[in-house]
Amino acid sequence: MSSPSIHHVSECFIKPLYPVAESNQICYLGPQDIAMLSVNYIQKGLLFNNPTPLSQDQDPFLIQNLLEKLKHSLSLTLTHFYPLSGRLVTQTTQDPPSYVVFVDCSSNSPGARFIHATLDMTISDILSPIYVPLIVQSLFDHHKALNFDGHILPLLSIQVTQLLDGVFIGCSMNHCIGDGTSFWNFFNTWSKIFQDPNVPISHQPIHNRWFPENCDVLINLPFKHHDEFISRFEAPKLKERIFHFTAESIAKLKAKANKEFNTNEISSFQSLSALVWRSLTRARSVPHDEVTSCKLSTNNRTRLEPPVAEEYFGNLIHLVIAKSTARELLEHDLGWAAWKVHLAVANHNDSVVQQFMKDWVQSPFVYQPGKLTDPYTVLMGSSPRFNMYGNEFGMGKAVAVQSGYANKFDGKVTSYPGREGGGSIDLEVEQVILERDL
């Protein structure tokens, strides 16, 4: 018996409801935007229960009504987040030599893609298995696409998949256009406009890109062809499992870490990151003398002086790194490891960010996913601070957050807020499938 597969019913392209002002038709990319050219799109989505009696076998008018309302509200939302309706453009010259990438937001761009699909599976089929089913990757468009592919692919693609008893809204956004903070500001705004098209935008995106001092807005890259900086990293086969931590268990973990190191400065997430770091290092049987690292994706907006508003629409993120040999990490307690993580976060300040930017401008580079990790790395991505479960599209509160194939590798850990709120956290952990698992 064959496994269920996604059936694409229809697709169209959605443009901003109102024309983009001529002054905004070119969107320049900052250093951290350009550095993302060789990584995958952001792929996150929400799973909802059907509003009665919405189902594939019942009133087709209801799903069509939902789809039309999603399209209209998306068109309104793109008026505010207009770079997502554009395409990447590369301009090169031979004399003088130059290689420049930017976003064309003009009316010539076809807009964002909107897909309606169906899948003969239930919510339980998706959420009940111990490991996340591979079919979840098919709930997103742009499978394995790199951000550079935004020259020909939409910078935003929405796939609405109708399950037997639910609806999944999967969003694939080009990572050159924005980071996780930008992604969820877009998603949150879309949800609010869906509920009330006339609602004032409380977090209006800021499209003026942040550039370090003495940096031209048209950044000239030291390349002649994209083959020099684009590599298509193929992740190994991974097992993916979601672990739930209640607010109470996290509070106990934080108290334990602070008590063990005789401090009160270690945060909940730093404690949890340390727990995962030690657990994965132990599970991997890392040789005692090997150096292990715990990397955390960190928002630079609040670390810059003066700080940049949270509404800044673009990439302002950084990886902070805590390191230790496997022996030290496992011989010491949780508090010792958590303090290592705390110091990595606490020492990441304006001067560190500015120096990184200055070095990048002097010698621009593009991140290569295959070099971001190793068998001894744990990388904590996303954030439980993002408002994921506050998004509603006429179907009540989402029952789960899911992610696609994008940017995953052995040791990648994606953090979400727990559905019940109150400080609970869900962690999506990636672990390579070894021969003994087959």
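Me: Let me start with one residue. Is Ser-109 buried or exposed, and what is its relative accessible area?

Reply: This is a predicted model, and every value here is computed from it. A residue counts as buried when its relative accessible area is under 20%. Ser-109 has 5%, so it is buried.

Me: Where is Ser-109 found, and which residues is it in contact with, leaving aside neighbours within four places in sequence?

Reply: Look in the loop between β5 (97-104) and β6 (112-118). There Ser-109 contacts Lys-15, Ser-85, Gly-86, Arg-87 and Asp-104, with sequence neighbours within four places left out.

Me: Let's move on to helices. How many residues does α5 have, and how far does it reach?

Reply: Helix α5 covers residues 247-261, which makes 15 residues. From first C-alpha to last it reaches 21 Å, close to the 21 Å expected at 1.5 Å a residue.

Me: Which residues of α5 are buried, and why do they line one face of the helix?

Reply: The general idea first: an α-helix has 3.6 residues a turn, so residues three or four places apart point the same way. In α5, the buried residues are Ile-250, Leu-253, Ala-257 and Asn-258. Viewed down the axis of α5, they fall within an arc of 125 degrees, so they line one face of the helix. Turned away from that buried side is a face carrying the exposed residues Glu-248, Lys-252 and Lys-259.

Me: What covers the buried residues of α5?

Reply: The cover includes β9 (238-245), α6 (268-283), α8 (334-346) and β15 (425-432).

Me: Which residues of α9 are buried, and which are exposed on the other side?

Reply: Helix α9 (350-362) has 13 residues and reaches 18 Å from its first C-alpha to its last, close to the 18 Å expected. Its residues Asp-350, Val-353, Met-357 and Trp-360 are buried. They cover an arc of only 100 degrees around the axis, which puts them on the same side of α9. Lys-358 and Gln-362 are exposed on the other side. The buried residues of α9 pack against α1 (31-34).

Me: How many of the residues of α8 are buried, and what covers them?

Reply: In α8, 10 of the 13 residues are buried, so this helix is largely enclosed by the rest of the structure. Among the buried ones are Trp-336, Trp-339 and His-342. Their cover includes α5, α6, β10, β11 and α7 (326-331).

Me: Now for residues that are far apart along the chain. What separates the C-alpha atoms of Tyr-367 and Ala-35?

Reply: Those C-alpha atoms are separated by 5.5 Å, although the two residues are 332 residues apart along the chain. Tyr-367 sits in the loop between α9 and β12 (377-382). Leaving aside neighbours within four places in sequence, Tyr-367 is in contact with Ala-35, Met-36, Ser-38, Val-39, Phe-356 and Leu-372.

Pro-384 offers another case, in the loop between β12 and β13 (400-403). The C-alpha atoms of Pro-384 and Pro-417 are separated by 4.1 Å, with their positions 33 residues apart along the chain. Beyond residues up to four places away, Pro-384 also touches Phe-269, Ser-415, Tyr-416 and Ile-425.

Me: How should I read the backbone angles, and what is phi near for Asn-214?

Reply: Most residues other than glycine have a negative phi, and most peptide bonds are trans. Asn-214 has a positive phi, near 60 degrees. Asn-214 is in the loop between α4 and β9 and, at 78% relative accessibility, counts as exposed. Ser-285 has a positive phi too, near 55 degrees; its loop lies between α6 and β10, and with a relative accessible area of 59% Ser-285 is exposed. Just after α5, Asn-262 takes a positive phi of about 55 degrees.

Me: Which peptide bond is cis?

Reply: Look at the bond from Glu-305 to Pro-306: it is cis, with omega near -5 degrees. Pro-306 lies in the loop between β10 (291-299) and β11 (317-325).

Me: One last feature, on the surface. Which residues make the nonpolar patch of about 300 Å²?

Reply: Ile-26, Tyr-28, Val-217 and Leu-218 make that patch. Leu-218 is in the loop between α4 (180-195) and β9, and is partly exposed at 37% relative accessible area.

Technical notes
Residues are numbered from 1 along each chain as its sequence is written. This is a predicted model: local features need pLDDT of at least 70, side-chain atom pairs count only at pLDDT 80 or more; totals for chains, interfaces and linings use all residues. Side-chain values use heavy atoms; hydrogens and water are left out. Helices (H or I, at least four residues) and strands (E, at least two) are DSSP runs, numbered from the N terminus. The expected span of a helix is 1.5 Å times one less than its number of residues. Buried means under 20% relative accessible area, exposed over 50%, partly exposed in between (1.4 Å probe, protein chains only). The arc is that of the directions from the helix axis to the C-beta atoms. Contact means heavy atoms within 4.5 Å. Patches are made of residues with over 30% relative accessible area and no salt bridge: like charges are joined within 9 Å, nonpolar side chains (Val, Leu, Ile, Met, Phe, Trp, Tyr) within 5 Å. Accessible areas come from the Shrake-Rupley method with a 1.4 Å probe; for residues, only the protein chains shown count as cover. A salt bridge is a side-chain nitrogen of Lys or Arg within 4 Å of a carboxyl oxygen of Asp or Glu.
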